[in-house]
Every structure is written in C-alpha cells, then in structure tokens.
Amino acid sequence: MLSNDPPVHFARVREILQGATFEPRPNSRASSILRALFTGETDTEISPRGFVVRFAGGGTIPYVSEAAPATIHALLARAQICPQGQALAFRLEDEDSYALAGLPDAARWVWVMPGEDVVLVSLRRPTSAGPPPAEPPPLPLPSKLKKLYAHLAQPLACPHCARASSVYRATQETWVCGGPRCGQSFSPPHRVRALAELRDDAGGTVRETTARAKIYR
Ligand SMILES: [Zn+2]
C-alpha cells in the first residue's frame, strides 16, 4: 500500500456512508476510478490502508485514497440514495453508468458494505431485471488451472464440522473444509470471501488483500 496515504480519506468515506454532506468538486482521479469500476465486474476494498480495485480474472489496481470519497459520493448521488450507515444494494442502469463512467451498455448491480475497518464495494452485471440480491455473487476466480486456497486473517469455523481454520481450498462458488473427516463445501459470507487472500498450491499469492497487509505490518 501507499505508505503516506493518510487515513483521513477513509474516515470521510465512512462519514458519507453515515449521511454526511459532501461538496462534490470535479475530480479527475474519481472519474478514472469510476471508469475502472464499470469496465467489468469488480470488488473494491477501501480501508485506512488504501483503495484497491480487484477485477474478475485476477487483476488488481491500487489507487490513492484521496479520490475515494468523491467516488463513493458519485455512486450514491447517481442512485439518489441518502445512506444512514446501512449496507446498500442498488441498480444503476445503462444511462447511469454512461453518465458516471462514459461507458455504454454498462448497467450494474452495486453493493456498498460499510464496516469500521473496511468498506467493500462490488459491481456485477445484472443477471435479471430489478434490484440485486442481498449479496453479490463471487467474483470469478483468477485461474481455472491452479488449485487455489483462501487464506484468512481470522480463522473461520466450518459450518459442517465446526473446525476452525484460516485456510480453505477455494473453488468458484464454494470453499472446501480440510478437516480429515469433513471435506464438505460451503459458501462463505461475502465479506469473508472478499477479504481473503488467494494463494495457489505452490504458495504464490494470486490475489492480495489489504486485510493481510495490516497483519504483517
Ligand atoms: Zn468441516
């Protein structure tokens, strides 16, 4: 992460999501971030440690957090939402994404999940008419060839056998318990999945997360 990235921008994002007013000014960085967000399907992590956009297929781009408040405000204003700190799920139509990002045919379901330590923003192509489901479907995994493992900052209990582990084998839809008498799969909560670091079976990091960066700092 950017070591001189002041956490004040994260605090501002949190205030906006609590309903604080924000005076938008033209912000070229926010415009380029919005274009990146709407390019495909994305998971974004905003935290005191930085602003990271992850793309389907494995690409990751860090941005300076300075543009995070303007980016969040633009999404909410376009959807005409006045937040009060709750998790948000809404739909932006083609004309909205065109106005925000200048991209045609880019209607998206949008989820904004506030948290004390991290705010998650997910964009997915709508798969049906109407509003999005409560949680976004998982972002496609970076590699179909490799065995991937999700490494967690906090151990998670398997819902089948209750064995707590900080490593699970990750497939596109589910995680697989490594318990010797279990081996069953389950769908982890979106927040846990989005904050997991992915490594392949050779130990190489396939997808980083700012949650891990905090632990090792
Ligand atoms: Zn288990």
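**Helix packing, sheets and domains in the predicted model**

The axes of helix α2 (residues 28–39) and helix α4 (residues 94–101) cross at roughly 145° and come within 8 Å. On the α2 side, this contact is made by L34, R35 and F38, and on the α4 side by S97, L100 and A101. Sorted by class, the contact of α2 with α4 has four nonpolar residues, one polar residue and one charged residue. The structure described here is a predicted model.

Helix α2 also packs against α3, at an angle of about 60° and with the two axes 8 Å apart. The two helices α2 and α3 are therefore oblique to each other. The crossing in which α2 passes α3 is right-handed. Here A30, I33 and L34 of α2 meet A70, T71 and A74 of α3. By class, five residues in the contact of α2 with α3 are nonpolar and one is polar, with no charged residues. L34 thus appears in the contact with α4 and in the contact with α3.

A further packing partner of α3 (residues 68–78) is helix α1 (residues 8–17); their axes lie 8 Å apart, at an angle of about 20°. Angles under 35 degrees count as roughly parallel, and α1 and α3 are therefore roughly parallel to each other. The crossing of α1 past α3 is right-handed. From α1, the residues H9, R12, V13, I16 and L17 meet A68, P69, I72 and H73 of α3. The contact of α1 with α3 comprises six nonpolar, two polar and one charged residues by class.

Alongside the helices, six strands form an open sheet. The strand order is β3-β2-β1-β6-β5-β4, and the pairing is antiparallel. Strands β3 (60–63) and β4 (88–92) lie at the edges, each pairing on one side only. On average, and with direction ignored, neighbouring strands of this sheet are turned by 15° against each other. Within the sheet, β1 (residues 42–47) and β2 (residues 50–55) pair in the antiparallel sense over six bridges. The bridge partner of T42 is F55 in β2.

Strand β7 (residues 148–157) has antiparallel pairings with β8 and with β11. Six bridges join β7 to β8 (residues 164–170), and these two strands run antiparallel. In this pairing, L156 stands opposite S165 of β8. Strands β7 and β8 form a hairpin with six residues between them. One residue of the turn, A162, has a positive phi of about 70°. Strand β7 is also joined by four bridges to β11 (residues 197–200), again in an antiparallel arrangement. Opposite Y149 stands R199 of β11.

The domain assignment of the chain gives domain 1 (8–124) and domain 2 (148–216). Their C-alpha centres lie 26 Å apart. Between the two domains, 12 residues of domain 1 are in contact with 11 residues of domain 2. Strands β1 and β2 each supply at least two residues of the side of domain 1 that touches domain 2. By class, this side of domain 1 has four nonpolar, four polar and four charged residues.

Key
Residues numbered from 1 in each chain as written. Predicted model: local features only at pLDDT ≥ 70, side-chain atom pairs only at ≥ 80, totals over all residues. Pairing = 2+ DSSP bridges. Axes fitted to C-alpha atoms, helices over the stretch in contact; angles between N-to-C directions. Parallel < 35°, antiparallel > 145°, perpendicular 65-115°, else oblique. Left-handed = near helix turned anticlockwise from the far one by under 90°. Contact = placed C-beta atoms within 7 Å. Nonpolar A, V, L, I, M, F, W, Y, C, P; charged D, E, K, R; others polar. Domains from an automatic or database assignment.
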